[in-house]
Amino acid sequence: MPTKRPIDLFRESGGSFKIESETDNTPIKMMCNVGDNLLVVTSNAIYEIQLADQIDPGRENPRLPHNIQRCVLNIGADSAIVGCTLLTANVLFNNTMLADSIDTEKAKALTFEALKELAAMKSMAEEFTAEEENKTSAFLKHEQKNRSLALPSIIDLESRAKSFFQKADHVQQALFELISLFYSSILTKGHFETLVTKISLQYSNDDNFIKFLNTIAPHMKILRNLRDCLDHRLYQQVKVNNFNITKKGDMAPPSIKMDRPKRNVFLEETWLSDFMSTTVENLANITEMIIAFLCAKNTKCFIGAEIAVGVTHEGKRIHPNIKFGYFTNRLGSWMPIG
């Protein structure tokens with residue numbers, strides 16, 4: 001048996017590690033593999049970890065550290081959107097519980113892609129709201145002079161709205177691909193409208209998954225059409241209004257409105273900051289529910305054991321932001337697994 005070199009002993013040594021960050025000293029809450037990399041989730045951030053062997057598989061450089069860390073998101077396990085997406089995916093996309101045909105690693109990767117877009121949207125919504133509030137406050141404190149009134153303005157309003165709804169559409173695309181992993185025989189391409197139509201053929205109209213898809217389809221259609229209008233500068237169909245003065249003399253914050261009668265898609269005028277914030281929350285919740293439904297519909301058949309996906313009691317959750325888990329029916333009572 002060949003003698004191991006010092007670099008082999010170092011690379012193969014065990015032990016623990018901690019996140020080396022000057023700004024994040026919160027504990028590690030979860031670790032999960034996404035693609036070829038390990039993700040480490042602390043309370044406040046998510047880090048991508050690469051081992052030395054991934055960078056130097058031939059083990060030629062003994063100076064490489066055991067692991068290399070990089071912060072990929074500045075939100076972690078304490079964030080509701082991380083709980084709804086990555087943390088829930090890590091628990092439910094379990095190849096022990098799901099049908100062998102399901103690529104659980106791809107499912108986790110798609111969920112992480114959706115999370116990255118949601119995190120960017122959350123940051124954009126918070127920055128937009130803060131700027132709107134600051135400019136509104138400054139305007140209200142400003143004393144009107146003579147007969148002129150200087151309204152505040154967000155100079156790059158249309159561009160920011162366009163970027164936000166592009167990311168919302170990216171989340172939709174990731175979710176469509178995720179659902180396609182579980183229904184590859186009937187789904188190849190399309191939008192949520194076609195998705196609902198095709199999956200509805202697999203179940204009855206009373207099925208809760210179908211009811212859920214029918215509920216979210218109009219919202220998804222609005223987001224897709226907003227992206228379409230802003231991408232193609234269809235400003236006759238979508239109106240992004242800056243700060244304005246109403247007939248009553250009140251100042252109105254930036255708003256958005258869409259009117260596409262040929263496609264039967266409408267969005268009544270709504271404050272843009274509110275709509276951005278609720279869109280992030282809605283898409284995170286939609287992602288969580290889609291993950292739960294997909295896994296509930298595709299559990300393995302175990303002889304003598306009935307497996308289901310359910311909501312874990314708050315006091316028994318492995319983390320407060322992970323609502324769903326696997327359960328087994330024992331003597332007529334559903335018990336959590338793990």
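This short talk walks through the fold, the core, the aromatic pairs and the cysteines of one protein chain.

Good morning, everyone. Keep in mind that this is a predicted model.

Let's start with the overall picture. The protein chain has 338 residues, and 45% of them count as buried. Its secondary structure comes to eight helices and 12 strands. Along the principal axes, the C-alpha atoms fill a box of roughly 90 × 55 × 40 Å. The chain exposes about 19,000 Å². Carbon and sulfur atoms supply 50% of that area.

How do the contacts spread along the sequence? Take the contacts between residues at least 6 apart in sequence: 61% of these join residues at least 24 apart.

Now go inside. How many residues make up the largest nonpolar core? The number is 89. Two residues have the most contacts within that core: L178 and I290. Helix 8 gives the core its largest share, with 13 residues.

Look at L178 on your screen. Set aside its neighbours within four places in sequence. L178 then touches F93, A107, L110, T111, I290, I291 and L294. So I290, the other residue named for the most contacts, is one of its partners. There is also a second, separate core, of five residues. Among them are I19, V40, A45 and Y47.

Next, the aromatic rings. The whole structure holds six aromatic pairs. A pair of rings is described by two things: the distance of the centres and the angle of the planes.

Here is one pair, F93 with F182. The ring centres are 6.0 Å apart and the planes meet at 40°, so this pair is tilted. Where do the two residues sit? F93 is in the loop between helix 3 (80-92) and helix 4 (104-141), while F182 belongs to helix 5 (residues 157-182). They are 89 residues apart in sequence, so the pair ties together separate parts of the chain. F93 and F182 are both buried. And remember, F93 is also among the contacts of L178.

Another pair is F212 with F293. Its centres lie 5.4 Å apart, with planes at 35°, so it is tilted as well. This pair also links distant parts of the chain. F212 is in helix 7 (residues 208-231), F293 is in helix 8 (residues 272-297), and 81 residues separate them. Both F212 and F293 are buried.

Ring pairs also join F164, F165 and F275 into a cluster. One more ring deserves a look: Y203. The charged end of K297 sits over that ring, 4.2 Å from its centre.

On to the cysteines. A disulfide is a covalent bond between the sulfur atoms of two cysteines. How many disulfides does a search of the whole structure find? Zero. Why is C32 unbonded? The closest cysteine sulfur, in C295, is 14 Å from the sulfur of C32, and that is too far for a bond. C71 is in no disulfide either; the nearest cysteine sulfur is that of C32, 14 Å away.

Are C32 and C71 buried or exposed? C32 counts as buried, because its relative accessibility is 3%. C71 is partly exposed, with a relative accessible area of 43%.

Last stop, H319. This histidine lies in the loop between strand 10 (307-311) and strand 11 (324-330). Its relative accessibility is 9%, so H319 counts as buried. What does H319 touch, beyond neighbours within four places in sequence? The contacts are K29, A77, D78 and L87.

That's the tour. Thank you.

How values were computed:
Residues are numbered from 1 along each chain as its sequence is written. This is a predicted model: local features need pLDDT of at least 70, side-chain atom pairs count only at pLDDT 80 or more; totals for chains, interfaces and linings use all residues. Side-chain values use heavy atoms; hydrogens and water are left out. A disulfide is a pair of cysteine sulfur atoms within 2.5 Å. Buried means under 20% relative accessible area, exposed over 50%, partly exposed in between (1.4 Å probe, protein chains only). Rings of Phe, Tyr and Trp (its six-membered ring) pair if their centres lie within 6.5 Å; planes under 30 degrees apart count as stacked, over 60 as edge-to-face and the rest as tilted. Helices (H or I, at least four residues) and strands (E, at least two) are DSSP runs, numbered from the N terminus. A charge sits over a ring if NZ of Lys or CZ of Arg is within 6 Å of the ring centre and within 35 degrees of the ring normal. A nonpolar core is a set of buried Ala, Val, Leu, Ile, Met, Phe, Trp, Tyr and Cys residues joined through side-chain atoms within 4.5 Å. Contact means heavy atoms within 4.5 Å. Accessible areas come from the Shrake-Rupley method with a 1.4 Å probe; for residues, only the protein chains shown count as cover.
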